[in-house]
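Here are a few exercises to work through with the model open beside you. Try each task before you read its solution.

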Amino acid sequence: MGLERFRVKTPGIGALLARSLLCIIGLLFTFSPPVCEAFNLDVENPAVYSGPEGSYFGYAVDFYLADSSSASVLIGAPKANTRQVNVTEGGAVFYCPWSLSQTDCHTIEFDTEGDRPVTLNETQYQGDFKSHQWFGATVRSHNDTILACAPLYSWRTEKDARLTDPTGTCYLSIYNFTRFVEYAPCRTEISTEEGQGYCQGGFSADFTTDGKVVLGGPGSYYWQGQVISASKEDIIKAYYPGYFIQSVERQIQTKQIRSVHDDSYQGYSVAVGEFSGDQVEDFVAGVPKKQKMLYGSVYILNGTDLSTMIEYNGEQMGSYFGSAVATADINSDGMADLLVGAPMFMVRGSDGRLEEMGRVYVYLQRGPLDLELRQPHLTGTQVFGRFGSTIAPLGDLNQDGFNDVAISCPYGGEDQQGLVYIFNGYSDGLREKPSQVITGQWAAGTIPASFGFSLRGAKDLDMNGYPDLIVGAFGVNKAVLYRSRPIVNASGFLTVHPTMINPEEKNCMVTSGNTSIPVSCVNLSFCISADGKHLPGSLDFQVEVQLDSHKHKQKGAVKRALFLDSQQPLLQKSVTVRHGERVCDNTKIYLKEEKDFRDKLSSIYVALNFSLDPKAAADSHGLRPILNYQTTNVIEQKAQILLDCGEDNICVPDLKLAVHGNRKEVYLGDDNSLTLTFNARNEGEGGAYEAELYVVLPPEADYSGIARNNESLTQLTCSYETENQTRYLSCDLGNPMKSGTNLWAGLRFTVPRLKDQHKTVQFELQIRSKNENNSHSEVVPYKLEVVVQADVILQGVSRPDKVFFPPANWKVTKSYGVEQDVGPAVEHIYELVNNGPSRISHTLLELRCPLRVQGHNLLYPLEFSTEGPINCTSDKNMNHLHLKLQRTSTDPPILALKANEHHVERRDVHKNQLAHLTNLSCSNTECWMLQCNVGLLEKGTTAIVKVHSRVWAETFIERTYKQYVLECLARYSVKKMPYAILPKYSPSGQKKVVTPVVWNKPDIENSVPLWIIILAILAGLLLLALLIYVLYKFGFFKRSLPYGTAMEKAQLKPQAASEA
């Protein structure tokens, strides 16, 4: 059993650093910045004390107020070197007298000796070991007494075996540094780890109100730990210089208990408070490694016999619950309350992972030995910040009748500067949010600054009536004194009279240049009063009165009211208030002309904001007062513009909206122009102020403008804006939109960005106003169906459009070797066109043409070619004779006749033969076939198939002058469109392409000889001469005058005239 216990690890310096650094390793991240502004601890002008480099100056701090005439600060530096002979880093305590002008510190000579010798069996040995003893790791004061401890002090026991026990030791400075005594209660005959040999007495310490010393020694009895207490008087009485072991009368201490409590570290922290109701102060001892699962505990020990009265356990393993304890009456009920720190408490973060934050538990004393755990607990926000490492009572920092508390987070903040939180007490305990967060000035270096590792408060150093705070930062060898500023409890009063501004009553005048303008005005008055404790006789305030203050927060808003004398919306002035008095001021404000602003409905808020003048002189203590953070320093009143809305000045509109559109469908792929015509009405009794049509556009749509094609439509003014990725249109409908208003207007949009994920797109329209009651119409949705539609056409042409027979330069052959042997060439061209608007992704195109009838070939297919996203396959009839194809055209012109003869003959054919054409189609002949698959066709794109064929001349030569029409048929069918939305119908159709076979009249083999033509002409001329001669002989050319003689003619004239 003893051997097993011997293997327990010696805490040595590691145990002390467990308190100081508490797993400094891994302090890499902070969680959130401080959220509170400064309250009354003056962080702008602190007193900063500096110690020797590497001395851990600031590891422990306290006040020293021996009498009312002097005030000082005590600072421990456990790794400082001293003048002790042959002692390295023995540690020291510095005494720093306080004044506004200096921060000098001096060491207190508690122990000037080096290591002392001890004589055993007439042999002298080194009796104690003061190097690295960490003297000054614990410092406490009580009136004119200072307690300073070296928890790692070791001594050679008086046993024959050379054993060195780190018992720890303490010194008391009494009577204002006139006498020093050593107090080492663990330096006893019960040595080694099984007794008090590893006690580390003075690891923690405190004083009772009447001056009893309370020490914690967490290493006694295999690190069960213990608490030891004795009065100052008894310690002084028992001290004999030169003696290592001394017996202090009436000293009490906790005893060793069962081994199950080994490694508990009782006495890791201690505090003093009365909990049993016997008016004798009791002791609180932290036991951070209590229980097998290391949940930690806190014991409340009876102040008379150190028996355990109450035990509180932690809630989480390894949280180090009890590593810091403090007592204070925070709810002002006259009973001490208990605060317990668990700086390694872990909280589950948003990602589900545990994060070390730290926690402080508050136990309110409701009666003797009756403590209530308050909820919620105070939990840190800084990852690895060690919130709750140190807890310091502050006294009544803000003079509100409740004591306050400082809680450190020494590794929190940016760069681990350290944070100190100030929590104010109130009737139900501590407030959940800190009133002030003090941030350290020094970033982490080789080790963190550890700002806040040591705290001490509840003493008024500068005697200004408010307690102060000392914060140690041993990582940078600093200690900082923050003094409390006097708190001003101020109140403001603001009135506007009358509160209703009538725009029609213009009872004030405003001068603009040389012109006086009547305006509507009302009275405004404000007052400031101030009170508080320990304040100067008068206080300077900066006062600001802002008119229409809510408009200040709105972008581009117009202030509707101004001060009459300055014609500005802001009044700023300095006001001096005597302590306990009230100062008032009166002025007038006026309403701007109605044409200068739109908002006639909302209240005109007037805000009074006051603060202490930061440029005011400091008080006699060098401090400037500060406003109580609970003061309401912004006061608002409101005035209303009188409206034509009845006695209650409340307008209640009844807004109606109807919407019509020029289409119900929009097509994928199209711009989809849309006009929405709406009818807006106000059927209520009151006007709608700042009324506007609010149109929420779907993401697929864009605004084009106002509809202007109809004179009956109202021309609106609209603005197109985006807010939080929502695009909307706002159109002015009037200010006010009066009762009975009935207007029509139109808006133009396009809907070009359609997607097939949604089958509909929807516009939402609403009339909105700023009225308090019934301010909006119902939202009117206008829904459009998203439709997939494509206008697909198939075009075809024959080149040439007719084939004439007999073919020129063609002869019948018995063997066909090249394509010219077949007959005239014909090319059919088919073009599939997508006119949109939607795309098509798969279309089947099929072409059929006459091949033969009753064994007689008709149209012989040779080859085909394609253009665009089309892929075709032919049947076995495509050039099945494997004729050699002609790549360059050598055929004679299809029309072999001379030009004049050609035109004449064609006209004759059309006139006489077309009615007798015989159609050769797939319905009466055997046909060849071409099948094509057409791929993606965007709007406006095409796919083309060209088929090169030859008319089988031999078949048609055998049927001379018989007219035929070769008829090809192409069919298409759209099989798929690339959308999730199905089309209402799939486009399909067909196209006939015909090639007539036309016969010309036979050519004249031999021309008429010229001599025959001349002879015929001469014979004709001779015959004409003979005919003239015969007629002459018969008197044909000797006709008489129509009216006889001239006389007869003359006689007829009068009659003819009369008849006329």
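**Exercise 1. A pair of strands and its sheet**

How many bridges join strand β16 to strand β17, and do they run parallel or antiparallel? Keep in mind that this is a predicted model. Then place the two strands in their sheet and find its edges.

Solution.
- Step 1: Start with the pair. β16 covers residues 212-217 and β17 covers residues 226-231; six bridges join them, and they run antiparallel.
- Step 2: Check one position. Lys212 sits opposite Ser231 of β17.
- Step 3: Zoom out. The sheet is open and has four strands, ordered β15-β16-β17-β18, with antiparallel pairing.
- Step 4: Look at the edges. β15 (204-207) and β18 (252-253) each have a single partner strand, so one side of each has no neighbour in the sheet.

**Exercise 2. Strand β68 and its partners**

Work out which strands pair with β68, then see what sits opposite Leu930 and how a disulfide fits in.

Solution.
- Step 1: Take β63 (residues 842-853). It pairs with β68 over nine bridges, in the antiparallel sense.
- Step 2: Take β66. Five bridges join β66 to β68, and this pair is antiparallel too.
- Step 3: Now focus on Leu930 in β68. Leu847 stands opposite Leu930, and Leu930 is also the bridge partner of Ser874.
- Step 4: Add the disulfide. Cys872 is joined to Cys932, with an S to S distance of 1.9 Å. The link has 110° about the S-S bond and is right-handed.
- Step 5: Map the cysteines onto the strands. Cys872 is in β66 (residues 870-874) and Cys932 is in β68 (residues 926-934), so the disulfide ties together parts that are 60 residues apart in sequence.
- Step 6: Finish with burial. Both Cys872 and Cys932 are buried.

**Exercise 3. Two further disulfides**

How many disulfides does a search of the whole structure find? Describe the links Cys96-Cys105 and Cys508-Cys521.

Solution.
- Step 1: Get the count. The search finds nine disulfides.
- Step 2: Go to Cys96 and Cys105. Their sulfur atoms are 2.0 Å apart, inside the 2.5 Å cut-off for a disulfide.
- Step 3: Get the handedness. The torsion about this S-S bond of Cys96 and Cys105 is about 110°, so the disulfide is right-handed.
- Step 4: Check burial. Cys96 has a relative accessible area of 0% and is buried, since the cut-off is under 20%.
- Step 5: Move on to Cys508 and Cys521. Here the sulfur atoms are 1.8 Å apart, and with 50° about the S-S bond the link of Cys508 and Cys521 is right-handed.
- Step 6: Place this pair. Cys508 belongs to β41 (residues 508-512) and Cys521 to β42 (residues 515-531), so the disulfide ties together parts 13 residues apart in sequence. Cys508 and Cys521 are both buried.

**Exercise 4. A helix and a loop residue**

Compare the span of helix α7 with the expected one, then decide whether Leu152 is buried or exposed.

Solution.
- Step 1: Find α7, residues 1010-1033. Its 24 residues reach 35 Å from first C-alpha to last, close to the 34 Å expected at 1.5 Å a residue.
- Step 2: Look past its end. Gly1035 follows α7 and has a positive phi, near 80°.
- Step 3: Jump to Leu152, in the loop between β10 (145-150) and β11 (154-156). At 8% relative accessibility, Leu152 counts as buried.
- Step 4: Locate Gly90. Leu152 and Gly90 are 62 residues apart along the chain, and their C-alpha atoms are separated by 9.8 Å.

Conventions: Residues numbered from 1 in each chain as written. Predicted model: local features only at pLDDT ≥ 70, side-chain atom pairs only at ≥ 80, totals over all residues. Heavy atoms only, no water. Pairing = 2+ DSSP bridges. Expected span 1.5 Å × (residues − 1). Buried < 20%, exposed > 50% of the residue type's maximum accessible area, 1.4 Å probe, protein only.
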